[in-house]
Amino acid sequence: MLRAAFFLVFVSTQSVGDVFVYECAQPPPEAGWQVVQIWCDPRQWIDAGWFNQHVELCPGYPPPGGQQGVYRRLLAELAGATDSYVEWRVETDAARSEIPWGGGAIIAAADDGSGYSFYIARDQAKLNRSNSLPIIFVDIVPGTPHTYRLEVRGAALYVWYVDGQVADSGVPVAAFPGANPEISWRAKAAWQANTTRWDYIRYGTIPADASGDYDSDGDVDESDLYFFSECLLGEGVPSGPGCRFADFDADGDTDCDDWVAFQAHWTGPPAVPPIPPPCAVVGDTNCDGAVNVLDINAFVMALSDPSAYAAQFPTCPISTADANGDGAIDILDINAFVTLLE
């Protein structure tokens, strides 16, 4: 599961190098999405960084044709790109019966030559490449968000992923994104009321493997660290296709074994990247790479004045002072810290 960043207040929506990020923490029009259609006034709101849409059948209108909220963004900056992706994380409680009528959650990337569409219900996703190719149905676990990703490598290859697993792949009918590309998405009620919540929508250039440069802008900085930390999982836990840029040892996961290599690619600012808490060494409270007497002053500061500690050691997570591992920084850590020094 993707995890939130711990050190960086990331802008809700912005263009980062060759990547566009909509973290769904603000309404789509405020994030630069064009309103295509708001039909019968669905209820829409923001909750804990997710954009929510509740849609019902319209009074006086027979199904299939209920409320819907539709948004679109032109992808002119990606036209002609050789390697591009679209990725989003979403959860809906729409029934499967909504899918054939265009209900539930829908997202589509299209241009003058080709199109790719996801139709999502609570326990199934439908992947529609074109009328000339088979429709793919993927069963999903209800009641939990799922991550969907499309990668298109020009006219050579497209790959659908659902939760990091390949659902379908093949040769595109045309290069994408070509002329007049766009991405559109919506929630719709066809026969039943339903609620959809969106965590994020991202698209852009596929970053080079093991580059550390998620946004493909030629440097490795805090925006890349945000995504590295989001990919960071335990050893042996697959981190998904969107994290190949951070998998420096090519073992299929992004973990603390990759942190040193990420640091080596770092260009900043700042001069030294903040250490993700899972990769910090307990007791190394000044983050100089060793646990020794030089850590005593920093340890005492972390206990007595966390704000001063954060100001003096901005790249070092305060969790390094939790010497007994109980989740709190207090006097109970003193004995454990002394043991680490011995």
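Student: Is arginine 149 buried or exposed?

Tutor: This is a predicted model: local features need pLDDT of at least 70, side-chain atom pairs count only at pLDDT 80 or more, and totals for chains, interfaces and linings use all residues. Residues are numbered from 1 along each chain as its sequence is written, and side-chain values use heavy atoms, with hydrogens and water left out. Buried means under 20% relative accessible area, exposed over 50%, and partly exposed in between (1.4 Å probe, protein chains only). Arginine 149 has a relative accessible area of 3%, so arginine 149 is buried.

Student: Which residue forms a salt bridge with arginine 149?

Tutor: A salt bridge needs a side-chain nitrogen of Lys or Arg within 4 Å of a carboxyl oxygen of Asp or Glu. Here the closest N and O atoms are 2.8 Å apart. The partner of arginine 149 is glutamate 151.

Student: What is the relative accessible area of glutamate 151?

Tutor: Glutamate 151 counts as buried. Its relative accessible area is 3%.

Student: Where does arginine 244, a salt-bridge partner of glutamate 151, lie?

Tutor: The closest N and O atoms of glutamate 151 and arginine 244 are 2.7 Å apart. The pair links distant parts of the chain, 93 residues apart. Helices (H or I, at least four residues) and strands (E, at least two) are DSSP runs, numbered from the N terminus. Glutamate 151 is in strand 12, and arginine 244 is in the loop between helix 1 and helix 2 (259-265).

Student: Which residues do salt bridges that share partners join into one network?

Tutor: Arginine 244 is partly exposed, with a relative accessible area of 23%. Shared partners put arginine 244 in one network with both residues of the 149-151 pair. The members are Asp83, Glu87, Arg149, Glu151, Arg153, Asp209 and Arg244.

Student: Why does the salt bridge of arginine 197 and glutamate 91 tie together separate parts of the sequence?

Tutor: The two side chains meet at 2.8 Å, N to O. Arginine 197 is partly exposed at 28% relative accessibility, whereas glutamate 91 is buried at 17%. Arginine 197 lies in strand 16 and glutamate 91 in strand 7, so the pair ties together parts that are 106 residues apart in sequence.

Student: How many salt bridges are there by this rule?

Tutor: The 197-91 pair meets in one of them. The count comes to 13.

Student: Which residues are closest to the centre of the largest pocket?

Tutor: On a 1 Å grid over the protein atoms alone, a pocket is an open set of points where a 1.4 Å probe fits, with protein on both sides within 12 Å along at least five of seven lines; lining residues have an atom within 4 Å of a point. The largest pocket has a volume of about 600 Å³, the space filled by probe spheres set on grid points joined across faces, edges and corners. Of its 28 lining residues, the closest to the centre are Gly164, Pro238, Ser239, Gly240 and Pro241.

Student: Which elements give two or more residues to the lining of the largest pocket?

Tutor: Three strands and one helix do so. They are strand 7 (84-92), strand 12 (146-153), strand 16 (194-205) and helix 1 (222-231).

Student: How many of the ten residues of helix 1 are buried?

Tutor: Helix 1 is mostly covered. Its buried residues include Leu225, Tyr226, Phe227 and Phe228. The count is nine of ten.
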